[in-house]
Each structure stands twice: as structure tokens, then as C-alpha cells.
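Open the model in your viewer and keep the selection panel at hand. The stops below go from a whole chain to single residues.

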Amino acid sequence: MRLKLFSIMCFLFLSLLTARPFIVQAEGVKAISGAGATFPYPVYAKWAAAYYKLTGIKMNYQSIGSGGGIKQIKAGTVDFGASDAPLKPSDLNNAGLMQFPMIMGGVVPVVNLRGIKPGQIRLSNELMADIYLGKVKKWNDKRIADENPGLGLPARNIIVVHRADGSGTTWIFTNYLSKVSKAWKEKVGCAKAVAWPAGIGGKGNEGVASYVRRLPGSIGYVEYAYALQNKLTYIKLKNRAGSFVAPESKTFQAAAANADWEHSEGFYVVLTDQPGKDSWPITGASFILMHKVQKKPGTARAVLKFFDWCYRNGKKMAEELGYVPMPGKVITLVEEAWKSQIKDSSGQPVWP
Amino acid sequence: MNSTQKAKGAHPVKAGWIGQIADAVFTNLTRICAILVLLIILAMMVSLFIGAWPAFKKFGLSFLVSSEWNPVTEDFGAFVAIYGTLVTSVIAMLIGVPVSFGIAIFITELCPVWLKRPVSTAIELLAAIPSIIYGMWGLFVFAPFFADHIEPWISDNLGQIPLIGELFSGPPLGIGLLTAGIILGIMVIPFMASVFRDLFEVVPPVLKESAYGIGATTWEVIKKIVLPYTKIGVVGGTMLGLGRALGETMAVTFVIGNADRLETSLLMPGNTISSSLANQFTEAVGEMYTSSLIALGLILFFITFVVLSIAKFFLVRLTMREGTRT
């Protein structure tokens, strides 16, 4: 009797095991997976939740960081990768990948100074670089005072806070510093992790945000949504055109408007230090990476459908979180690139 | 009926050879399990070594002494991380050992019987708290308190002493090597205290009673009887605590400041091997970067391996001695 029961259970279990794929195949793609950048994670998660409600297709996104995303898409363990730093066209070709921009946003320097309200303190680009180089050590330094006449600045030490982990946010920030300061470019450079000349490191945007909130006299940089949510004191930056701008959707959009997506091979566009009097100097786009040749065209189509839906219906959700959605012109360009670049193994385009 | 009788008659014989086979299978199964552990350790060492090889080949022995850690120029050295790991662990031991000692002596020698159980249980519960909780507590509660009330005093007073003053100067951040060391110390206390307590309990009551009988005070009993008897075990237990402090990751990452620079002051931020790995591994791009991180892992593997081997060695000697004495 017991043996019988056991064999029935075995049979049931086996049939369950073998039957599952059939169910999935019959109903089409049920889940798509991606991995990478942490910077756009809040908005991807929001889009995925809304899309799941609508279609029943689940998008699993692991926000493990841009480097991890690139590694995983190269290894083919996910359907798409995400990176905050664009890959160079040559790297894309070597790996058989294509990339397209999904969302834009700003990186915001934040400070903790008692009595100073958001947007009250103003810094020039050179000062930002010199603070992060450890050259300007006190808040009442003459150069800071010159930019902020009438603002009572304390004699406190400046505590520099940076990211401890490798990060696309750091890439955008150091890219900006390398553009505005020759000394930074020569001494430190631009990468997802650099040898910081000064300061302490926090893990993730939330790590930097909590250090800045904790330490009086500190300055750090976080992704805009974190500055917004944590009500941190952001600063105004003097941009390339010489005017002081506050970090907000309007100034991110102004910087993004300069981007020449049309003539950039592989959508390789960096949005830091853009011209224009309203441009926020530390703006960046976040990218999606996909294989040019798709072994499972069905899954690839599902992924592209999801992104298409996000482009068209996700704008409001993105703006609510402080991101800048891609303009319509760019979306057309991107979808043309899908058509011409993403093929199945027989050479047929996967999209539309 | 007939068939059952048959089966009953056949049963012992059947059980005999089936049992023998089952026994053999079972023995080999357990043997495989045991060998598997050894194989996994070996495989880990080999793969770490292979992964670390490019870094060792490029930097050679200078990898161990170079304090450079620059992902942009791909120039890596392990000294800052090794220094941070050792310094925080030493601070942890300086705090952890005496306190655990006090706890263990109180529980085994001085504690009223009704309090013994609750105190022991509380300590064991402390040991079960996940390390990330210690890290969050350290960052949100301890570090602010430390920065506002203790560190200014330290840099004003200890910072002025010649020679060691350098170790205690700098702005009060609340985050740095000293804070990490103290948090680690708090973390290893419950662990070491319960090892020490178990050790002190193996001291034969006859010895202690004889000492009390000839008029020894509690302190004399502890100093002359308990300590000499458990000396080697205490060293072993300390080493086990040290092993835990060396490898601790999350709690340290929260409070150490994660800066890959060499600072003389303990109040300044630093880095440990494990927190470097936790922070940087996911985003490490390029062969040399990844390889250098794996090399750091190999160094940590080696350090903890040596420490735990020493611990095991002392503990084994203790049990051997126990056998001969009692």
C-alpha cells in the first residue's frame, strides 16, 4: 500500500515536472529577466509592477550594478542588461550587443550644513572638483564665500562622502569632474570606482545619503530621487554657460535636449557638462543592453514590447520619481534601431 | 498466511546481506560527505589561486605592501585592506577578551544560581543576532554618539600625547577604524564569553574546593587554579573570536568609512579585506581589478586559515591534557 502511494506521488511529481514547460510554452512568454544598474531601479520596478498588472508578464530585474549587468548579459544569463555608463561602439561590436537609452536623470550634490536650506548654497564646477580633490578643506574657505555673498558659512571641516561600491552614478559624477577640472582628469579620472583623494565611502545611494544626513559639514552626491525622498539639502551649480541652476526635471531636460542621439553610433551619448543656460551639469542616461542575435526571438519580442510600453505609458511614473523620460524623437530612433539591429538566428528582425 | 511465514523465515537472512550492503553504502555515503568538505576547501583554494594569479604575476610581492588602490590606472595593492583588517581585529580583541573574561568568570564563579541561566541565555541570544543589525546599530546609534561625545575628548586628550597622539587625532567623524574595532569587539563578546564559560566549567570542582579549603580568596582561585588549568583553551577561544572578527563583513562596511587610503589616525576611515570585497566585487570590470579582489580574498583565506589552525592546535592540546589529568 505504502509503495503504491509512493509510486503515485512519484508519478505525480514527475508529471508536474514535465508538464510545466508545456504550460508555459502554450501561453507564451510569462517572464522576462534583466540585471544591472541601480540608478534606474526605482522606475524599472514601478514600470514592471504596472506592466504585470496589465499583462500578467513578470519582469524580474536584479539591481546588482552596471558592471554586473554587463557581465550577465555577456554570459547570456539574462534577457537584457542595464548600464548607467554607455558602452563604446567597439565594445558593443566585440560582444555582439546593441544598446539604447531608456531613461535619464540627474546626479545631485547634497550637503549637511545647519541653517542652510536646499538651493541656498552655490558652487562653481571648479570648486566641486577642488572639494573632492581635498584642496578646499573648510566651508568658510574664501572661494566658497565669494560664490555665496551674505551666506553665513561655518568654520567646519568639509567631509567628503563618495560611493564605496562601484557604481554608474560615480561614473556620471567623475565624468563630470573630469570634464570641468584638468587636475581631476589627470590625478583621478573617470570610472565606476576611482581612487578617491579624500573622504569616506558609503554603500549605495542610500549609504551616501545616510552619511550626509548623519555628518554635519559633509558633502556627497546621490541620484536625484534619493535627494528628493530624503529631503537633503541640494546645492546650485554654475554650469558651462555660467548660470547657477538647481537640480530639477526642467534643468535635466535642458541638458538632455542637447544630446545628439541621431548622429551618435550605438547611442553613445554622455550628458554631463552640456551647454545651455538651463542645463544641469551632472545629467546622465541609463542604457539597456541586448544581444544583436536572439536565440529565443519570442522572449526578445516580449522584452521589446515591455520597453515599448514603458516608453509610451511610463512617462508619468518616471517623472513622479524624478527621472526624465526619453523624448518622442529618440523613441522613434530607438525603435528603428531595434528593427535594424536585433535579429533572430535566421536573420529576420525580431521587432515589431 | 503461508506467504507471510515464508517471508518471516526468509527475513533474517535477507536482512543480513541487505543490512551488510546498506551498512557499506551508508559508510561510504558518510565518507563521501566528509571528503566532499575537504574537496570543497581545496577547490576554493585552487580557484582563488587561479583567479588571483594575474594580479600576483603583475604586482608580485609588492601587492602585499603597496597602499595604492586605483581602479582607473589598474594599480592595486593590498596593504590598506590588510592593515585595516588587522587593526580593527586587534581593537576588537583588546575590548572583547577582557569583557568576555569578566562575563565568564562572573557566570561560573560569582553569579547567584538563579541568575546563572538568564545571563547565559541572554549571551547566547546575543551571539545569534545577525551582523547587519550590529552594523545598523553602529551607524545610526553608536557612531553619532561616539562622534559627539567620545571622539572630541579622544582627539583633545589622547591626541596630544607624543608618539601615540598621531593615532588619535583628526576630525570627529564617528566613522572609522576605531568605531569598526569597537563594534567588532561588541560582536565577538557573546561568542568568546560562551567559549570561556564552557572552558571554566571543565575545571574540576575538587581543585577549586581544595583551594577554597586552604583559605584562598575567589581572585586567588581564579588566578592560581582556573586560569592555569584553562590557559591553552582561553588562547584557543580568543583565536576563534579573532577568526570571526577578521572575516566580519557587513557590520564593518557600515562603520569603517570604506576609504582605500592609508591613514595614521584610528579616527579616520579605512577599509578591510572583506568590506572591500563586498563593496567592489559586483562592479569590478577588467581582469586586473577582479583578479586583485580575488587576491585579497586569498589573503583573507590565508590569514583566517592560520588563525583558526592555531586555535584548533591549542584546543586539541587542551583536550589531550584533560584526558591525562582526570
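What radius of gyration does chain B have, and what would a compact globule of 326 residues have? Chain B has 26 Å, whereas the globule would be near 20 Å. The radius is taken over C-alpha atoms, and the globule rule is 2.2 Å times the number of residues to the power 0.38.

Some ground rules. This is a predicted model: local features need pLDDT of at least 70, side-chain atom pairs count only at pLDDT 80 or more, and totals for chains, interfaces and linings use all residues. Residues are numbered from 1 along each chain as its sequence is written, chains are lettered from A and ligands numbered from 1 in the order in which they are written, and side-chain values use heavy atoms, with hydrogens and water left out.

**Stop 1: chain B as a whole**

Select chain B. Its C-alpha atoms fill a box of roughly 95 × 65 × 35 Å along the principal axes. Colour by secondary structure: 11 helices and two strands appear. Helices (H or I, at least four residues) and strands (E, at least two) are DSSP runs, numbered from the N terminus. The order from the N terminus is α-α-β-β-α-α-α-α-α-α-α-α-α.

Now show the surface. About 16900 Å² is accessible, and 73% of that belongs to carbon and sulfur atoms. Areas come from the Shrake-Rupley method with a 1.4 Å probe; for residues, only the protein chains shown count as cover. Of the 326 residues in chain B, 44% are buried. Buried means under 20% relative accessible area, exposed over 50%, and partly exposed in between (1.4 Å probe, protein chains only).

Take contacts in chain B between residues at least 6 apart in sequence: 75% join residues at least 24 apart. Contact means heavy atoms within 4.5 Å.

**Stop 2: Ala128(B)**

Select Ala128(B), in the loop between α4 (113-127) and α5 (131-157) of chain B. Is this residue buried or exposed? Ala128(B) counts as exposed, at 55% relative accessibility. Add Phe191(B): the two are 63 residues apart in sequence, yet 9.1 Å apart C-alpha to C-alpha.

**Stop 3: two helices of chain A**

Select residues 168-180 of chain A, helix α7. Its 13 residues reach 19 Å from first C-alpha to last, close to the expected 18 Å. The expected span is 1.5 Å times one less than the number of residues. α7(A) is mostly covered, with 12 of its 13 residues buried. Among them are Trp171(A), Phe173(A) and Tyr176(A).

Move to α12, residues 297-313 of chain A. This helix has 17 residues and reaches 24 Å, close to the 24 Å expected. Buried residues in α12(A) include Phe306(A), Phe307(A), Asp308(A) and Trp309(A).

**Stop 4: single residues in chain A**

Thr233(A) sits in strand β9 (residues 233-234). Thr233(A) is buried at 13% relative accessible area. Beyond four places in sequence, its contacts include Val111(A), Ile116(A) and Pro118(A).

Next, Asn148(A), in the loop between α6 (142-147) and β6 (159-163). Asn148(A) is buried at 4%. Outside four places in sequence, Asn148(A) touches Gln120(A), Ile121(A), Arg122(A) and Leu153(A).

Finish at Pro197(A), in the loop between α8 (182-187) and β7 (200-202). At 31% relative accessibility, Pro197(A) is partly exposed. Which residues does Pro197(A) contact, leaving aside neighbours within four places in sequence? Tyr132(A), Leu133(A), Trp184(A), Val188(A) and Arg261(B). Lys187(A) is 10 residues from Pro197(A) in sequence and 8.7 Å away, C-alpha to C-alpha.
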